[in-house]
Amino acid sequence: MKILDRYIITQFLTNFLGALSILVLIFVFHTIFTYIDELAGRGLELWIIFKFLIYFIPQLIPIIMPLAVVIASIMTFGAFAENYEFAAMKASGISLMRVMRPLIILMALLSLGTFFLANNVIPVAYREVYTLRSNIAKVKPAMAIAEGVFSNIGEDISIKVGKKRGDNDEFLENVLIHKKTPDKVNRTVINAKRGELKSSKTNSNFLQLILEDGTYYEDIKTNSYEAQQKEPFAKVYFKKYIINLDLSHLNNVDFNEKTDATTYRMMNVGQLNYAIDSLRTDFKQNITDYGNNMFRRTGFSVAPSTSLSSEVKKQEKPKPAKEITSVRELFNKLNNTQKSMVLDMAINTNQAQLDNVEFRQSDLEYRYKLMNLHILNLSDKFALTVACFVLFFVAAPLGAFIRKGGIGMPLVIAMILFLAYYFIGMFMKNIAENNTINPALAPWIPALILLPLGIYLTTRVTTDKEVFNFPITNKLMRFVEGKVKEIKGKIKKNK
């Protein structure tokens, strides 16, 4: 390696590693503030919190890696231009592309490393963080009860709350509980307007759930079907009801325990490809099954074959003297009670069909969005590596153009450039979830937008031309200036 190449790589790596370290530190503090409610006041050991932060850092790579590349590129080439090192290189016959050549090779290696992290390290980190957060939630049951969804407390109780209040989320509203009987069957449903989680002792293995103003339902288990029909369930209203939750199994949480849960963020490229094929096949089969089901609900059937039609005609009875030719005529032959029954049945049937269609629509939308999220995550792994490469070709010429090193103007330019890239990417991914645009294309759009800018800037700086000097605008400005002088001359003559 030549001395010049070694010098350029050293300067770039110094700026890159410095920017990367500062960004990691900033985002770690941001993570702490974001998850402070889950980590503080839980009686957790320091090594558990440290483990959580270590596993969370790889998830920040899609944000901090492109930003570090932009900052390092602008700072490095800005310092070269500010210290007239570019001028010395050009005087020695070294072009900008020759200066960029070792960094291009370095960026290629960095892109491969970014893909390795995105494909192998980030999915494992997501899984570890997911597992650790689940285990941390078990330490405090109030945190394990999420708003709006069913949460399991132990093996026998499933709780759903509408809202949580209080300093420790101990006050609950709109509580719905499904409780299993000793035979592990869900026979008990408890519904209460208010609830409170209360512990009598600090180290107690039991937690009281105090429910107020609710209803207790329980299916009565009988020995025969006839008895079950006579006593289907018991229903009791209560003003106050206390449930003792056994926390002994929660207080002995193994924070090294692994989970089998898998989401699209926890998959590598091979797993994502397999999951996408399965989701696409399942989606098509679901649509086919739903269409067949709706057709059966209409009551229509396939017309009989010609071989059977002749036999049916022979067995047909003579037609009555007057046939009923319309539904209205048939409806008018019914009495008022029958008409009311028919109308009620029709309304109920239509409402059931409408509810079924709405449910199927939401289910298909969820399946479609889930499939798009898998495609987005797969495409994003490859787009991230290319984005780092493209941002380098945009940031390096900008650094040479602004001719400023340090962390002043280069940091401002880097933040503007990165925010443009980041927000375009976020916008495209959000609209791609609902298939407004192709989810496989969405992660590539920011890089595709910046690629022409990178080519233009690199070309202008390499050929020693002004970056914002356009021939068309120059002609337009000269034309405007000529017209202004002409108007001023006429005004002077008139005076």
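Q: Before I look at the membrane parts, how should I read UniProt positions here?
A: UniProt positions are given in the numbering used here, feature names are shortened, and annotations may be inferred rather than shown by experiment. Residues count from 1 along each chain as its sequence is written. This is a predicted model, where local features need pLDDT of at least 70, side-chain atom pairs count only at pLDDT 80 or more, and totals for chains, interfaces and linings use all residues, while side-chain values use heavy atoms, leaving out hydrogens and water.

Q: Okay, which residues does UniProt list for "transmembrane region"?
A: The unreviewed UniProt entry lists 12-36, 48-81, 102-126, 382-402, 409-428 and 440-458 under that name.

Q: What is the chain doing over residues 409-428?
A: First the vocabulary: helices (H or I, at least four residues) and strands (E, at least two) are DSSP runs, numbered from the N terminus. Residues 409-428 are 100% helix and 0% strand, with 29 Å between the end C-alpha atoms. For residues 48-81, the figures are 88% helix and 0% strand, and the end C-alpha atoms sit 47 Å apart.

Q: How do I read T215: buried or exposed?
A: Buried means under 20% relative accessible area, exposed over 50%, and partly exposed in between (1.4 Å probe, protein chains only). T215 counts as buried because its relative accessibility is 11%. You'll find T215 in strand β5 (residues 206-219). Contact means heavy atoms within 4.5 Å; leaving aside neighbours within four places in sequence, T215 touches V189, I190, N191, K235, V236, Y237 and F238.

Q: And where is A108?
A: A108 is in helix α6 (residues 96-139), and at 33% relative accessibility A108 is partly exposed. Its C-alpha atom is 7.2 Å from that of F389, though the two residues are 281 apart along the chain.

Q: How many salt bridges are there?
A: Side chains of opposite charge can pair when their charged atoms come close. The cut-off: a side-chain nitrogen of Lys or Arg within 4 Å of a carboxyl oxygen of Asp or Glu. The structure has eight of them. One of them joins R165 and E173, with 2.7 Å between the closest N and O atoms. R165 is partly exposed at 37%, and E173 is partly exposed at 25%.

Q: Which parts does the D213 and K193 pair link?
A: D213 and K193 form a salt bridge at 3.6 Å, N to O. The pair links distant parts of the chain, D213 in strand β5 and K193 in strand β4 (residues 186-198), 20 residues apart.

Q: What about E433 and K369?
A: Their side chains meet in a salt bridge too, at 3.6 Å, N to O. E433 lies in helix α13 (residues 409-433) and K369 in helix α12 (residues 336-402), so this pair ties together parts 64 residues apart in sequence.
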